[in-house]
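Biologist: Before we begin, please walk me through this chain slowly, taking one question at a time and giving your reasoning for each.

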Amino acid sequence: MSRWYQPQEQWPRHQKPWWRETIDLARSAGWHLQYLDGHAWGRIVCNPSEDNPCTVPIFSTGTSGESAARTARRTVERCDHLAAAEAGQILVRAGVLLDRAEALLDAASRLLQAADKQAEAEELLQGAATAADEAEKLTQALQREADGDRLTVEAYEMLPEGRQLGYPPASEEVGALISDASTHADEAEQLAGRLPAGDHSVPLQERITQVRARVTDLSGHF
């Protein structure tokens, strides 16, 4: 069973970091992905419409994976088949930036929710003054603590590759996630400004607006 992915789509995530770097490079260069379910994870193809396109197989496991990934990156960099229009390249690059911005915002949102849950838990624990309702309040507090822990775990899972936070993360670190997401949105908007007028730029601008709205909303927590 296989599925083809266009460069402007979100591609499946490979479990090996060296292959993720190669896959991101190919996607940003306008390549296509044929995703396979099995040991042969898939293959990237510069232009499926070509008679003899550049094709690179990608495996889930195996020896010399890092070396194979480096060789694949050189193939992508040297490919001269793909002469994508500038507008298509801009859309892909802007889409990658917005993917990263949204991942940062998702992580920041989870961390802020986790902090709220922890604060509620502490308030309930401190307010359990009478024996009659102490058990119920403690139960509620424990539930909020569990919710906070779950949201924190989800936040760490959503962080882009290479991003690290302390545990528990400081408020300055959460603010940095939101700030970096805003920077990615700025870069995407600069790329969007280079697009010719037309319908293909409208979805990109709408997505940039949505990311900026989330930045404003989450910034209000500080």
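Biologist: Is I23 buried or exposed?

Modeller: Keep in mind that this is a predicted model, in which I23 sits in helix α1. Residues count as buried when their relative accessible area is under 20%. The relative accessibility of I23 is 4%, and therefore I23 counts as buried.

Biologist: Which residues is I23 in contact with, leaving aside its neighbours within four places in sequence?

Modeller: I23 belongs to helix α1, and its C-alpha atom is separated by 7.8 Å from that of I44, although the two are 21 residues apart along the chain. Once neighbours within four places in sequence are left aside, the residues in contact with I23 are W11, H14, W41 and I58.

Biologist: What is the pattern of helices and strands, read along the sequence?

Modeller: The chain has six helices and four strands to place in order. Reading along the sequence, one finds the pattern β-α-β-β-β-α-α-α-α-α.

Biologist: How are α1 and α2 oriented, roughly parallel or roughly antiparallel?

Modeller: Helix α1 covers residues 17-28 and helix α2 covers residues 65-78, and they pack with their axes 9 Å apart at an angle of about 10°. Angles under 35 degrees count as roughly parallel, so α1 is roughly parallel to α2.

Biologist: How many nonpolar, polar and charged residues are in the contact of α1 with α2?

Modeller: On the α1 side the residues are W18, W19, E21, T22, L25 and A26, and they meet G65, E66, A68, A69, A72, R73, V76 and E77 in α2. Sorted by class, this contact of α1 with α2 has four charged, two polar and eight nonpolar residues.

Biologist: Which residue has its backbone oxygen 3.0 Å from a polar atom of the side chain of R27?

Modeller: R27 is found in helix α1, and with a relative accessible area of 7% it is buried. Not counting residues up to four places away in sequence, R27 touches P7, Q8, E9, Q10, W11, V92, V96 and D99. The backbone oxygen that lies 3.0 Å from a polar atom of the R27 side chain is that of E9.

Biologist: How far apart in space are C46 and A26, C-alpha to C-alpha?

Modeller: C46 has its place in the loop between β3 (42-45) and β4 (55-58), and it counts as buried because its relative accessibility is 0%. C46 and A26 are 20 residues apart in sequence, yet their C-alpha to C-alpha distance in space is 7.8 Å.

Biologist: Which helix gives the most to the largest nonpolar core?

Modeller: In soluble globular proteins, nonpolar side chains tend to be buried together. Here the largest nonpolar core has 27 residues, and those with the most contacts inside it are L105, L177, I178, L204 and V211. At least two residues of this core come from each of α3 (86-127), α5 (171-192) and α6 (201-219). The helix that gives the most to this core, with ten residues, is α3.

Biologist: How many residues are in the other core?

Modeller: Apart from the core just described lies another one, which has W11, L33, W41 and V56 among its members. The number of residues in this other core is 17.

Biologist: Among contacts between residues at least 6 apart in sequence, what percentage join residues at least 24 apart?

Modeller: The chain has 222 residues, of which buried residues make up 35%. Among contacts in the chain between residues at least 6 apart in sequence, the share that join residues at least 24 apart is 64%.

How values were computed
Residues are numbered from 1 along each chain as its sequence is written. This is a predicted model: local features need pLDDT of at least 70, side-chain atom pairs count only at pLDDT 80 or more; totals for chains, interfaces and linings use all residues. Side-chain values use heavy atoms; hydrogens and water are left out. Axes are lines fitted to C-alpha atoms, for helices over the stretch in contact, and angles run from 0 to 180 degrees between N-to-C directions. Angles under 35 degrees count as roughly parallel, over 145 as roughly antiparallel, 65 to 115 as roughly perpendicular and the rest as oblique. Contact means heavy atoms within 4.5 Å. Ala, Val, Leu, Ile, Met, Phe, Trp, Tyr, Cys and Pro count as nonpolar, Asp, Glu, Lys and Arg as charged, and the others, Gly among them, as polar. Buried means under 20% relative accessible area, exposed over 50%, partly exposed in between (1.4 Å probe, protein chains only). A polar contact is a pair of N or O atoms within 3.5 Å; within protein, one must be able to donate a hydrogen and the other to accept it, and residues adjacent in sequence count only if both atoms are side-chain atoms. A nonpolar core is a set of buried Ala, Val, Leu, Ile, Met, Phe, Trp, Tyr and Cys residues joined through side-chain atoms within 4.5 Å.
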